[in-house]
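Reader: Hey, I've just opened this one and I'm a bit lost. Can you walk me through a few spots?

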Amino acid sequence: MFRAARVLCACAAALALLLTGSPARARPAPLPQQSQTATVRQAVDALKSQDYRTALNILGPLAEQGQAEAQCYFAMMHQKGLGVQQNPQEALRWYTLSALQGWRDAMFMAAQMYYNGDGIPEDLKSGADLFLRGAFLGDNDAQWAFGICLCSGQGRAQDKIEGAAWFIVAAEQGHQDAKSELAKLRPSMSQEDFTSAQSVAGNLADMIAKSTWDPNKLPPVPVPAWMSAQAPQTAPTQPQPAPTESAPTQPATEPAEAKTIQLTATAEILANGDVVGQARLEFPAEFYRQMKELVPEPRYFLRDLSTSRSNQELAPDARAAYDDAGCAVVLDIHMLGAASNRGAGRWAWKPDHDAFLGQEETAEGRQRVSFSVKQDAEEEGFSITGSAVYLLPAGASEVSWNETDSQLEYQIPHQPGTGEGRLHARFLARDRIMSCLHKVYGMDADFPAHWVGKAILTNTGDGPITDLKVRFQFGQYSSLDLWQKYPEVLPGQTVVSAYHPVLDKSIAELTSTTPANLLAEWKYVDSKGREQEDSDGGRVMILGRHEFIFSSLTKEENLGTYFDFLDNADFVAAWVSRDDPVVKQFAAAANKAAGGAGAPYSNEAALKALKACYEIMQANNFTYQGPVSVTDANMSFDFKLVQSMKFPRDVIRDRSGTCIELTSLYCSMAHAVGLNPYMVLIPGHAFPAVDLPDGGFVAVETTGVGGGQRFGSTPWDQVVQSAMGNYQKAMEKGEIVIVNIEDAWVRGVSNPELESVPPDILQRWGIVLDFTLSADGGQSPTTSGPVQPTQPNQPVQPEVQPANTNASAFVGRWSGRAQQRYPTGQVAEWPITIEIGQSQQGITAQVYGDTQVMNQWGGWSRIQVSESFRGRLDATGLFLEGINKTVTIDGMPQYATTDNITLQVQNGLLTCNSPLSDGSTLQFQVQKQP
């Protein structure tokens, strides 16, 4: 999605990097589908009796004629060498031809070959693609295998919830391996995640049973490149389910023409560990023109060299320039502290290149090493290729490439000098950090540019310094850091010691800007053997947990580009809730209104779910609120300011939010229904966009909720049209930053810990969960179902009822056992307590249930139900109208619709025989308690 977006940012980042449980390994083939012809069954019988000649004579001609089942068995004979020469490539060819016709056994067998590298190059993605297609065709082996792909993150991004869902689908068909995998996975999942997996499994099973999935939205059957010329001009018709009604088509990003950037780098590693040299980056002419318009200052590329690695520093004499004639960026590089001194002439240097090509000796007798350069950014529409050559210091020997640590190691003559060493120190500290992102600052490997403090120490004397140690401490929010140790610092050598603190989680509880002192201290032994020590420090402002700053760059580093002002953009992912049960309940209600279909597998279902996520905001009278600090009415946020941002649960509670806050909530909900969300930042505004299953995307103008029901809001189709238009305009101008939320989470941008809230918090807040989705092109939705629950800590206020002496027969506390009968024939039995009261305002009732049941996996689950009612007497008895219902399973809240039931008193027993909202029938005869 979003090809060519943020090309310049990605290009600079790539340049910075350049210059500085297997499912099928022991699994037999799945049970075959029913044979299509008696002739094929005859061939199968011949295979079983090892009469391979007969099987070959039958299957060969049928396979050539395009018979899918025959092709599958013919492939198996070549794969296993049954009656023919074993030939994996020929086997894959016939499996592919069969799979293209929809034969699921062939899909599974080909998937195994790809996944295991069985006689062909391993290709986990192609294997997973075929497992997925077979899974939707009802192959429980493929369902089990695709579940393993998801849980292991092999061939697919890791997703244990969906992986567990596929295990459940397969297990319900009796698949023993799926049951075993589910049993192993279950202890590592929370009850909430497992409940989500069960819900997804139900949707998947329903789509498979009713054939409502769209085969065109699934990955295609992979066809090897060598096979393309042999493929038939017209593929046989593939059996497919009837397509569903087509969903509204949203614009998909057109594939951009691939742009290849050529890099040539030549540099020298100096004896003091610095790297000095030149890099030249040549662009295609049109791409060069576009890039220069967006980034007129070439230092942009040079600056990112130092921010990509916190243990190096860009020297003042480094330069950058544009070469218009050659359509190139030319960088004169000088990196301080690039190589590390291990002492006694031993050095190590860790480059960021793709492959070490080798070393050679120059005519002058010096050692030279070379690397290949290859950086593909398919999503951004470009790639970088080329080479980098480095000359090692004079006298370097014992040169070797350490494959394990990806570093070059070498020895140079040890010349520590004879004079006295002098340590010159420069201390840097951040002006401010974000408390919500306290975990990010400790991840030096993933976020090297986000250090909190840095000591740049240079030996400006004529003799060595030994046993240098540096450590930091950040006020009360971290313990004293471990010593960073450097055995030796030679004359002219620079050591860059960066501080990535492990901050105490209490820092995330700060609600306002708080100052803290950052201390750095260092000790060393001078050339006369005396221990020396010194220190420095600075003050850092810690922003409150809701405060976000859009750029971490200093005034000197900021070159004034749009991207510089949004340098911290990816960190907005911390404000998109990933596992908040409050948001999940809210999204589940929206998904229910959309029909609960599998959003990740169908454009129609995805668009319906996304529409519901917007319209549940309308149903709850959400409003758009501009930030107080922004004075320009045309802007939704100002990236030059620190902005206070609410978390999604707070937006739900307040029923209002800024553009970024509404976007964060919407992205959270999109993720909760199984879709991949993005936050789009254009000048002064933000809105969400979401990938669709067919590869396109939809953008949504969430501020369309406007002034709520009082002042009006914008219908769904218009908010989509508006957002898509704004996206296109921003793309044309090149001023757009797109944050892949799930990718940011994977890289470590985690959500802060949020306070626990009661399971029925949405009901306490008065949030409407039952609403009717509007018709296409219609206005905002209407609420339906139960009335809104009362606010917290307020007693239920039922409607006023006239006094009725018959009500006394119902008043009191009743208990016994109830039966809940489902349309499937299942019966659940559980203890029930009903408390009925009467006052001048009318009749109220409370029903409680608490029991344990054995689930389908052999374990026990505790189910608790509490529901409040208001009552009225009529000719049939006491009619109770549900106003608030809470259901928890193993302590995790579940979405629940309130019920209406009718009670009667017969022979001294309170009786009930009423249908419930979930389709079951509640029956009981309970006794009155003293």
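Reader: Which residue in strand 2 is the bridge partner of Thr266?
Author: That's Gln278. Keep in mind that this is a predicted model.

Reader: OK, and how do strand 1 and strand 2 pair?
Author: They run antiparallel, with eight bridges between strand 1 (residues 259-269) and strand 2. The two strands make a hairpin, and five residues sit between them.

Reader: What's going on with Gly273 in that turn?
Author: Gly273 has a positive phi, about 95°.

Reader: Which other strand pairs with strand 2?
Author: Strand 5, residues 328-336, also in the antiparallel sense and over eight bridges. For instance, Val276 has His334 in strand 5 as its bridge partner.

Reader: And the side chains of strand 2, which ones are buried?
Author: They alternate along residues 275-282. Val275, Gly277, Ala279 and Leu281 point to one face and are buried, whereas Val276, Gln278, Arg280 and Glu282 point to the other face and are not.

Reader: Switching topic: which residues gather in the patch of negative charge on the surface?
Author: Asp467, Glu531, Glu533, Asp534 and Asp536.

Reader: Which strand gives the most to it?
Author: Strand 20, residues 531-543, which contributes four residues. Asp536 has its place in that strand 20.

Reader: Why does Asp536 count as partly exposed?
Author: Because its relative accessibility is 37%, and partly exposed covers what lies between the 20% limit for buried and the 50% limit for exposed.

Reader: Back to phi for a sec. Which residue other than glycine has a positive phi near 50°?
Author: Ser406. You'll find Ser406 in the loop between strand 11 (397-402) and strand 12 (407-411). Ser406 counts as partly exposed, because its relative accessibility is 32%.

Reader: What sign does phi have in most residues other than glycine?
Author: Negative, for most of them.

Reader: And what about Arg655, what's its phi?
Author: About 60°, so a positive value, although Arg655 is not a glycine. Arg655 lies in the loop between helix 17 (648-654) and strand 24 (656-657).

Reader: Zooming out, how many helices and strands does the chain have?
Author: There are 22 helices and 39 strands.

Reader: And what share of the residues is buried?
Author: Of the 930 residues in the chain, 52% are buried. The chain's accessible surface comes to about 40900 Å², and 47% of that belongs to carbon and sulfur atoms.

Technical notes: Residues are numbered from 1 along each chain as its sequence is written. This is a predicted model: local features need pLDDT of at least 70, side-chain atom pairs count only at pLDDT 80 or more; totals for chains, interfaces and linings use all residues. Side-chain values use heavy atoms; hydrogens and water are left out. Patches are made of residues with over 30% relative accessible area and no salt bridge: like charges are joined within 9 Å, nonpolar side chains (Val, Leu, Ile, Met, Phe, Trp, Tyr) within 5 Å. Accessible areas come from the Shrake-Rupley method with a 1.4 Å probe; for residues, only the protein chains shown count as cover. A salt bridge is a side-chain nitrogen of Lys or Arg within 4 Å of a carboxyl oxygen of Asp or Glu. Lys and Arg count as positive and Asp and Glu as negative; His and the chain ends are not counted. The place of a charge is taken as NZ of Lys, CZ of Arg, CG of Asp or CD of Glu. Buried means under 20% relative accessible area, exposed over 50%, partly exposed in between (1.4 Å probe, protein chains only). Two strands pair if DSSP finds at least two bridges between them.
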